[in-house]
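Biologist: Could you walk me through this model, one question at a time?

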Amino acid sequence: MEIKHQPEEGKGRFVVYVNDTEAGYIKYEIMPNGNLKANGTLVYDEFRDQHLGTPLFNILINFAKEKSVKIYPTCPYVVVMFQKLPELSNLLDDDYLKAK
């Protein structure tokens with residue numbers, strides 16, 4: 001398994017590869033306040049039994065920490081992961097917390 005960052009202007013994604021084949025991704029947009037809107041996670045059907053969502057979530061968390069930004073999750077998977085890991089709530093965007 002390998003994860004590569006594919007940044008673009010104002011957005012990006014982390015793509016997971018299994019044996020050099022794209023297996024899924026987690027994508028984000030950069031919000032006007034500089035934080036990340038996590039807006040989609042997908043693991044392709046043929047790779048679903050390999051639990052690739054967790055390493056994608058973890059790399060997004062590490063990226064946010066490295067950039068000293070917070071995350072506004074709109075992706076259901078990312079929302080659930082934050083619910084399962086309340087110790088990461090300090091990484092949630094303030095506007096997200098107000099809207100909850």
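**The chain as a whole**

Biologist: What percentage of the 100 residues in the protein chain is buried?

Modeller: Buried means under 20% relative accessible area, exposed means over 50%, and partly exposed lies in between (1.4 Å probe, protein chains only). By that yardstick, the buried share of the 100 residues in the protein chain is 41%.

Biologist: Before we go on, what should I know about the model and its numbering?

Modeller: This is a predicted model, in which local features need pLDDT of at least 70 and side-chain atom pairs count only at pLDDT 80 or more, while totals for chains, interfaces and linings use all residues. Side-chain values use heavy atoms, with hydrogens and water left out, and residues are numbered along each chain, as its sequence is written, from 1.

Biologist: In what pattern do the helices and strands follow one another along the sequence?

Modeller: Helices (H or I, at least four residues) and strands (E, at least two) are DSSP runs, numbered from the N terminus. The protein chain has five strands and three helices. Read along the sequence, their pattern is β-β-β-β-α-β-α-α.

Biologist: How does the radius of gyration of the protein chain compare with the globule rule?

Modeller: The radius is taken over C-alpha atoms, and the rule is 2.2 Å times the number of residues to the power 0.38. For 100 residues the rule gives 13 Å, so the protein chain is as compact as a globular protein of that length, its own radius of gyration being close to that value, at 13 Å.

Biologist: And what does the C-alpha trace span along its principal axes?

Modeller: The span is a set of extents for the C-alpha trace of the protein chain, one for each principal axis. These are about 40 × 30 × 20 Å.

**Helix packing and the core**

Biologist: At what angle do α1 and α2 pack?

Modeller: Axes are lines fitted to C-alpha atoms, for helices over the stretch in contact, and angles run from 0 to 180 degrees between N-to-C directions. Angles under 35 degrees count as roughly parallel, over 145 as roughly antiparallel, 65 to 115 as roughly perpendicular and the rest as oblique. The pair α1 and α2 is therefore roughly perpendicular. With axes 11 Å apart, α1 (residues 53-67) and α2 (residues 76-84) pack at about 80°.

Biologist: How many residues of the contact of α1 with α2 are nonpolar?

Modeller: Contact means heavy atoms within 4.5 Å; here Gly53, Thr54, Phe57 and Ile61 of α1 meet Tyr77, Val78, Met81 and Phe82 of α2. Ala, Val, Leu, Ile, Met, Phe, Trp, Tyr, Cys and Pro count as nonpolar, Asp, Glu, Lys and Arg as charged, and the others, Gly among them, as polar. The contact of α1 with α2 has no charged residues, two polar ones and, as nonpolar residues, six.

Biologist: Which residues have the most contacts inside the largest nonpolar core?

Modeller: A nonpolar core is a set of buried Ala, Val, Leu, Ile, Met, Phe, Trp, Tyr and Cys residues joined through side-chain atoms within 4.5 Å. The largest one has 30 residues, and the most contacts inside it belong to Leu60 and Phe82.

Biologist: Which element gives this core its largest share?

Modeller: At least two residues each come from β2 (11-18), β3 (21-30), β4 (36-43), α1, β5 (71-73) and α2. The largest share of this core, six residues, is supplied by α1.

**Loops and strand β4**

Biologist: Where does asparagine 19 lie?

Modeller: Asparagine 19 has a positive phi of about 50° although it is not a glycine. Its relative accessible area is 71%, so asparagine 19 is exposed. Asparagine 19 lies in the loop between β2 and β3.

Biologist: Is aspartate 20 buried or exposed?

Modeller: Aspartate 20 lies in the loop between β2 and β3, and its phi is positive, near 65°. With a relative accessible area of 72%, aspartate 20 is exposed.

Biologist: What is the relative accessible area of glycine 40?

Modeller: Glycine 40 is found in strand β4. Leaving aside neighbours within four places in sequence, glycine 40 is in contact with Tyr25, Ile26, Lys27 and Cys75. Glycine 40 is buried, with a relative accessible area of 10%.
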